[in-house]
Amino acid sequence: MIFNTTKRPSARQIKHCSIPVYGILHFGLNTFVNKEWGYGDTPPEVFNPVDFDPEQIAAACENGGIGGLIVVCKHHDGFCLWPTQTTGYCVSNTKWNRDYVGELSRALRRHGVRVGFYVSPWDRNCAAYGTVEYLKIFKEQLREVLTGYGEAFEVWFDGANGGDGYYGGSCEKKTIDSGNYYDWENIWQMVRELQPGAAIFSDVGPDLRWVGNEKGFAAPDSRASFTPVGKSSLYPGCLDYCNSPQGDLNGVYYMPPECDFPLRPGWFYHQNENDRLKSVAELIEIYGHSVGRGGFMNIGLVLNEKGVMPEADVRRLAEFKAARESLYQNTVFQEDERPVVDGKCVIALGKDTAVNFIELKEPLAGGEQVTAYAVEAGSHGRWRQVCSGKSIGINRICRFAVVNADAVRIKIIDSSGKVNRLSVRICLAPEMFQNDASGMPKNYLPLSRTKVSGMELMAELPEPFRFKGVVFTPDKDHVAGTPLNCSLAVLENGKWRIVAETEFSNIRANPIPQTVEFPCVTASAIKLTAIRLVDNSGEITCKELGVLTY
């Protein structure tokens with residue numbers, strides 16, 4: 001059976017719960033040409049990571065508390081990072097000519113980091129994409145990876161379903177029937193046969209669902225129980241996502257959420273993002289909103305063009321691990337199977353003790369039973385509620401203002417079945433760490449005099465001055481009008497000149513500021529012309545437009 005309809009986790013889902021925090025590593029031709037989504041036309045010889053160091057990467061993961069790493073073996077540009085027999089667009093035809101997937105997988109295992117794989121179904125390089133012939137190629141690529149590099153803890157799929165690309169030189173847009181083209185049922189079955197212990201992730205599972213955003217946030221009472229809502233069919237890229245963050249009380253499938261987000265603004269390495277990593281405070285917040293809400297935390301990591309993880313990223317992972325451990329450092333009570341009697345679980349602390357953090361878990365094999373609960377702190381016989389919710393399941397973290405309590409009481413207010421035991425951990429956790437996020441680059445200057453006219457966005461500068469880039473910040477409340485492709489022109493001495501044509505890759509799922517850099521200019525106005533919008537609304541929407549001063 002592909003999907004789990006038992007309302008309880010399968011053996012592979014239970015095994016997956018042993019690594020609540022893991023990562024996905026993006027690296028490839030995009031790294032060398034400063035792109036998020038390659039068009040499929042970058043020459044293979046561009047790929048030359050002269051200092052590739054799989055031991056450094058694996059050690060960074062181990063020391064950073066990353067329990068598993070999903071290796072991006074092929075992204076949408078079609079470039080394969082292993083010596084595949086299916087296409088010449090791979091590492092075999094580079095000066096480097098090594099097996100990236102193989103070397104990295106072996107190093108990760110040496111450091112105790114479990115390994116997962118992602119092979120993009122969409123291929124912007126292959127001329128056969130959109131035909132039956134390409135499906136044979138894709139399935140063989142998947143087979144090579146899943147049989148050539150050891151046991152996988154997860155096999156990862158996304159919903160990227162066709163669009164414009166190089167496609168062997170035709171440079172066209174290819175539209176597919178996303179619900180039927182890939183033959184998902186047979187692909188999933190192949191994964192089950194080749195990697196029976198691996199959890200399969202996509203926006204529709206079957207083992208792990210996408211949480212529906214790239215912020216890493218599940219809903220406050222998120223559940224593993226889930227009924228997918230499809231736009232056209234129930235396959236990757238075809239969902240509505242309206243209930244993906246939350247799940248469903250009586251969902252058809254047991255399918256907990258995976259909460260993915262990039263450590264940097266983008267998923268691939270860009271030098272101008274070196275000082276824009278998420279802060280420790282942000283990572284702790286995401287941890288509470290993912291793992292702490294019954295999900296899995298999947299951190300997007302990168303390698304630079306040398307083939308190593310940037311030192312700033314290595315440090316941030318180690319800092320995050322230390323901060324995560326500090327949440328539990330001052331544990332005042334812990335018991336994995338605390339009895340629940342008459343709907344109550346009472347813990348005596350012996351004397352007034354300062355607490356502000358509780359982590360609850362239901363017995364994993366039993367699935368989700370709790371549908372309403374409350375946590376109360378007691379002192380000298382007086383009780384007051386400190387937190388409550390409608391789901392516990394795999395994990396539930398509650399943080400609250402510091403209280404002095406000599407007892408803590410968890411009340412099961414409602415449940416779908418009898419709750420006999422809970423895992424309980426009560427702590428005095430550190431206050432939230434100072435947020436050291438840097439936001440925009442230091443040379444960023446927002447522009448106030450902007451005007452939208454259909455597919456054009458124009459900004460007048462107070463006076464002509466020098467700048468070397470433009471930053472477009474999408475309006476997250478009106479994503480439909482965000483450009484997917486656009487050109488940028490500047491007004492120099494009364495004449496317009498196009499300085500860049502670009503694609504805002506993955507902007508629908510990850511509506512973050514988009515930076516477009518070009519040789520320094522001196523201009524009095526900027527004009528952004530959209531070629532295509534997210535939902536063809538006919539008019540650009542924009543939260544803010546700014547420039548990068550020279």
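The following exercises, with worked solutions, concern a predicted model.

**Exercise 1. Confidence**

Task: State the mean pLDDT of the chain, and identify where the pLDDT is below 50.

Solution: Begin with the chain as a whole, for which the mean pLDDT is 94. A value of 70 or more is reached by 98% of its residues. Next, turn to the weak stretch: the pLDDT is below 50 over residues 433-438. Beyond near neighbours in sequence, this stretch has 16 contacts in the model.

**Exercise 2. The second largest pocket**

Task: Describe the second largest pocket by its volume, its lining and the strands that supply residues to that lining.

Solution: First, the volume of this pocket is about 750 Å³. Second, 30 residues form its lining, and nearest its centre lie Asn-34, Lys-35, Glu-36, Thr-502 and Glu-503. Third, sort the lining by class: 10 residues are nonpolar, 11 are polar and 9 are charged. Finally, assign strands: β23 (495-503) and β24 (514-533) each supply at least two lining residues. The most comes from β24, which gives 5 residues.

**Exercise 3. Nonpolar cores**

Task: Characterise the largest nonpolar core, examine the surroundings of Met-297, and locate another core.

Solution: The largest nonpolar core comprises 91 residues. Tyr-100, Phe-117, Phe-157, Met-297 and Ile-299 have the most contacts inside this core. Helix α5 (residues 132-148) gives the most to it, namely 7 residues. Apart from this core lies another, of 29 residues, including Phe-465, Val-499, Phe-518 and Ile-540. To examine Met-297, set aside residues up to four places away in sequence; among the residues that Met-297 then touches are Pro-20, Tyr-22, Cys-259, Phe-261, Leu-283, Ser-290 and Phe-320.

How values were computed
Residues are numbered from 1 along each chain as its sequence is written. This is a predicted model: local features need pLDDT of at least 70, side-chain atom pairs count only at pLDDT 80 or more; totals for chains, interfaces and linings use all residues. Side-chain values use heavy atoms; hydrogens and water are left out. pLDDT is the predictor's confidence in each residue, from 0 to 100. Contact means heavy atoms within 4.5 Å. On a 1 Å grid over the protein atoms alone, a cavity is a set of points where a 1.4 Å probe fits but cannot get out, and a pocket is an open set with protein on both sides within 12 Å along at least five of seven lines; lining residues have an atom within 4 Å of a point. Grid points are joined across faces, edges and corners, and a volume is the space filled by probe spheres set on the points. Helices (H or I, at least four residues) and strands (E, at least two) are DSSP runs, numbered from the N terminus. Ala, Val, Leu, Ile, Met, Phe, Trp, Tyr, Cys and Pro count as nonpolar, Asp, Glu, Lys and Arg as charged, and the others, Gly among them, as polar. A nonpolar core is a set of buried Ala, Val, Leu, Ile, Met, Phe, Trp, Tyr and Cys residues joined through side-chain atoms within 4.5 Å. Buried means under 20% relative accessible area, exposed over 50%, partly exposed in between (1.4 Å probe, protein chains only).
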